Amino acid sequence: MAGEDEYKYWGIEGRQRSTPTYIDAAQKALVRECSAPDLSVETIDCEVSHQAQRQAGVTEYDPTTEVITIALTWTAYERHGWEQFSSTVRHELIHAWQYHEFGEADHGRTFTRWTDHLDTSKHCERFATPKWWPVCEDCGGRIAWYRRLKTVRNPEQYSCSKCSGAIRVEESEGH
C-alpha cells in the first residue's frame, strides 16, 4: 500500500498533473473509509470535474472493464469546504460499493444501509444556482434546471410527472 502522503493511493489518482487539495483529501478518505468486504480501492479511479453544476459528485461504472470512477466537482468543494464535501465522497463511495456488488447503483435499501455508518445522506446541498425552475401549476412541484432544455423552452408541451399538471418556468434572479 502506498503511504498516505504519496500522490497515488492504492491506484486511486487524480487525472491531472498536480493533485488539488480536495482530491488529495478524498483519496485519503477513500483509503481510510473503504472497509466494505471485497471492495478494493484499487478498483476506484478518482477524477476532478470543473464543469459539473448539478452534482457535487458522481460515480460511474463500466461493466465491460469493471472500472469504477468517482468524479468530484471542484466548485462544490470550493463552496462547501472539506468538512461538508467529505460527506459527498462517502456518498459516492457507497455507489462504488453498489456497482462492485450489484453492477448498478441507486438510493434504495442497499444505499441507506450504509448512510449512518459512513455519516452521509442521500442528497447534497445545492452549490450552484439553477437558471430556471419549471414549476407545476397544480401541485407546486419544482425542478432545478441549469441548461435551457426543451422543458424550459417549451413548457406548454410538458406536464408534471407527479400530478400531470401544467408547467410554467420561472427564471432565477440574476440570470
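The paragraphs below walk through a predicted model, taking in a pocket and two strand residues, E170 and T69.

We may begin with empty space. Rolling a probe the size of a water molecule over the atoms shows where such space is left. In this model the second largest pocket holds about 220 Å³, and of the 14 residues that line this pocket, those closest to its centre are G141, I143, C160, S161 and I167. Strand β4, which spans residues 132–136, gives the most to the lining of the second largest pocket, contributing three residues. Sorted by class, the lining of that pocket comprises eight nonpolar, four polar and two charged residues.

From the pocket we can turn to E170, which is placed in strand β5, residues 167–171. Although E170 and V135 are 35 residues apart in sequence, their C-alpha atoms are 7.2 Å apart in space. Once residues up to four places away in sequence are set aside, E170 touches K131, W132, W133, V135 and R142. The side chain of E170 is joined to that of R142 by a polar contact of 3.3 Å, and to that of R168 by a polar contact of 2.6 Å. Because its relative accessibility is 28%, E170 counts as partly exposed.

The last stop is T69, which lies in strand β3, made up of residues 67–73. With a relative accessibility of 12%, T69 falls under the 20% cut-off and therefore counts as buried. Apart from its neighbours within four places in sequence, T69 is in contact with D45, E47, V58, T59 and E60.

Key:
Residues are numbered from 1 along each chain as its sequence is written. This is a predicted model: local features need pLDDT of at least 70, side-chain atom pairs count only at pLDDT 80 or more; totals for chains, interfaces and linings use all residues. Side-chain values use heavy atoms; hydrogens and water are left out. On a 1 Å grid over the protein atoms alone, a cavity is a set of points where a 1.4 Å probe fits but cannot get out, and a pocket is an open set with protein on both sides within 12 Å along at least five of seven lines; lining residues have an atom within 4 Å of a point. Grid points are joined across faces, edges and corners, and a volume is the space filled by probe spheres set on the points. Helices (H or I, at least four residues) and strands (E, at least two) are DSSP runs, numbered from the N terminus. Ala, Val, Leu, Ile, Met, Phe, Trp, Tyr, Cys and Pro count as nonpolar, Asp, Glu, Lys and Arg as charged, and the others, Gly among them, as polar. Buried means under 20% relative accessible area, exposed over 50%, partly exposed in between (1.4 Å probe, protein chains only). Contact means heavy atoms within 4.5 Å. A polar contact is a pair of N or O atoms within 3.5 Å; within protein, one must be able to donate a hydrogen and the other to accept it, and residues adjacent in sequence count only if both atoms are side-chain atoms.
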